[in-house]
Amino acid sequence: MTSKLKVNLINDAGDNNIITSNGSGVITSSKFKIGQIVSTVTGTEFSTSATTSFSAVTDLLATITPTSTSSKIYITCTVCSGNAGTGSGLFQLRRDASLIYPDRGITNYYDAFMLYDSNDDNVTRTYTVQFLDSPSSTSSLSYQLYGKSSGSGTTHVNRSGNNNASQGYSHRMKSIMTLMEVLP
């Protein structure tokens, strides 16, 4: 036997509204500001030697459907990266393939956050970016990390530049992207 409780308002002992609903499954007010959390952890390796265009980092994406157009999406992305050769890894955060971070609005420059490389192929760096997006949407939204190399080397995600396991330099890492809906 299944039981069902139908309410449009939940109050605490002091008669303060904790949760209210408009009756169509949408929470219109809540003291609990996180509506949902979506997270992706990946160990999939990605490599790029492109210096002119950004490529989608394989499997480092997450999709969320906001419940209100007033909701914001709080994104945390931690990427593990290493380089082979000279240069650094440049990364962007995009929503549905459109740049959202960092977007400084300057033409003729690449907007990116950078993972500095000391030209040591054995080093793996970790960088975390956090961003609060205001998509004004209740459609499914895909957030993904994009990357490219800033020099003549190759930028790797989830591994070091030196892929020589026999010398103990074959670092294998995992990167993570987490999306949180912040309710209005």
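# Notebook: contacts and backbone in an all-strand chain

I began with the charges over rings, and found that Lys148 lies over the face of Phe54, at 5.6 Å from the ring centre. I then noted a second case of this kind, in which the charged end of Arg94 sits over the ring of Tyr146, with 4.0 Å to the ring centre. I keep in mind throughout that the model is predicted.

**Overall make-up**

I looked up the secondary structure next, and the protein chain turned out to have zero helices and 14 strands, so I write down its order from the N terminus as β-β-β-β-β-β-β-β-β-β-β-β-β-β. I recorded that the protein chain has 184 residues, of which 38% count as buried. For the contacts with a separation of 6 or more, I found that 76% are between residues 24 or more positions apart. The accessible surface of the protein chain I noted as about 9,800 Å², with 49% of that belonging to carbon and sulfur atoms.

**The core**

Which residues have the most contacts inside the largest nonpolar core? I listed Ile75, Val79, Phe91, Tyr143, Leu145, Met177 and Leu179, in a core of 21 residues. I then traced the strands behind this core, and at least two of its residues come from each of E6 (55–64), E7 (72–84), E8 (89–95), E10 (113–115), E12 (141–149) and E14 (175–182).

**The salt bridge**

I searched the whole structure for salt bridges and came away with one. In it the side chains of Asp133 and Arg95 meet, at 2.7 Å from N to O. Asp133 belongs to strand E11 and Arg95 to strand E8, so the pair ties together parts that are 38 residues apart in sequence. As background I add that side chains of opposite charge can pair when their charged atoms come close.

Are the two partners buried or partly exposed? I found Asp133 buried, with a relative accessible area of 5%, whereas Arg95 is partly exposed at 21%. Since buried means under 20% relative accessible area, I treat the label on Arg95 with care, because its 21% counts as partly exposed.

**The aromatic pair and the cis bond**

My count of aromatic pairs came to one. The ring centres of Tyr101 and Phe131 are 5.5 Å apart and the planes stand at 40°, so I entered the pair as tilted. Tyr101 lies in strand E9 (residues 98–101) and Phe131 in strand E11 (residues 125–133), and the pair therefore ties together parts that are 30 residues apart in sequence. On accessibility I noted that Tyr101 is partly exposed, with a relative accessible area of 24%, and that Phe131, at 21%, also counts as partly exposed.

Tyr101 came up again when I went through the backbone, where the peptide bond from Tyr101 to Pro102 is cis, with omega near -15°. I placed Pro102 in the loop between E9 and E10.

**Positive phi**

Where in the chain does Asp59 lie, given its positive phi of about 65° although it is not a glycine? I located Asp59 in strand E6, and with 38% relative accessibility Asp59 counts as partly exposed. Asn158, which is not a glycine either, has a positive phi of about 70°. I found Asn158 in the loop between strand E13 (154–157) and E14, and at 0% relative accessibility Asn158 counts as buried.

**Two loop residues**

I looked at Asp96, which is found in the loop between E8 and E9 and is partly exposed, with a relative accessible area of 42%. Leaving aside residues up to four places away in sequence, I listed Ser140, Leu141 and Ser142 as the residues that Asp96 touches. From Asp96 to Gln144 I recorded 7.7 Å, C-alpha to C-alpha, while the two are 48 residues apart in sequence.

My last entry concerns Val123, in the loop between E10 and E11, which at 18% relative accessibility counts as buried. I noted that the C-alpha atoms of Val123 and His171 are separated by 8.4 Å, although these residues are 48 residues apart along the chain.

Terms used:
Residues are numbered from 1 along each chain as its sequence is written. This is a predicted model: local features need pLDDT of at least 70, side-chain atom pairs count only at pLDDT 80 or more; totals for chains, interfaces and linings use all residues. Side-chain values use heavy atoms; hydrogens and water are left out. A nonpolar core is a set of buried Ala, Val, Leu, Ile, Met, Phe, Trp, Tyr and Cys residues joined through side-chain atoms within 4.5 Å. Buried means under 20% relative accessible area, exposed over 50%, partly exposed in between (1.4 Å probe, protein chains only). Helices (H or I, at least four residues) and strands (E, at least two) are DSSP runs, numbered from the N terminus. Rings of Phe, Tyr and Trp (its six-membered ring) pair if their centres lie within 6.5 Å; planes under 30 degrees apart count as stacked, over 60 as edge-to-face and the rest as tilted. A charge sits over a ring if NZ of Lys or CZ of Arg is within 6 Å of the ring centre and within 35 degrees of the ring normal. Contact means heavy atoms within 4.5 Å. Accessible areas come from the Shrake-Rupley method with a 1.4 Å probe; for residues, only the protein chains shown count as cover. A salt bridge is a side-chain nitrogen of Lys or Arg within 4 Å of a carboxyl oxygen of Asp or Glu.
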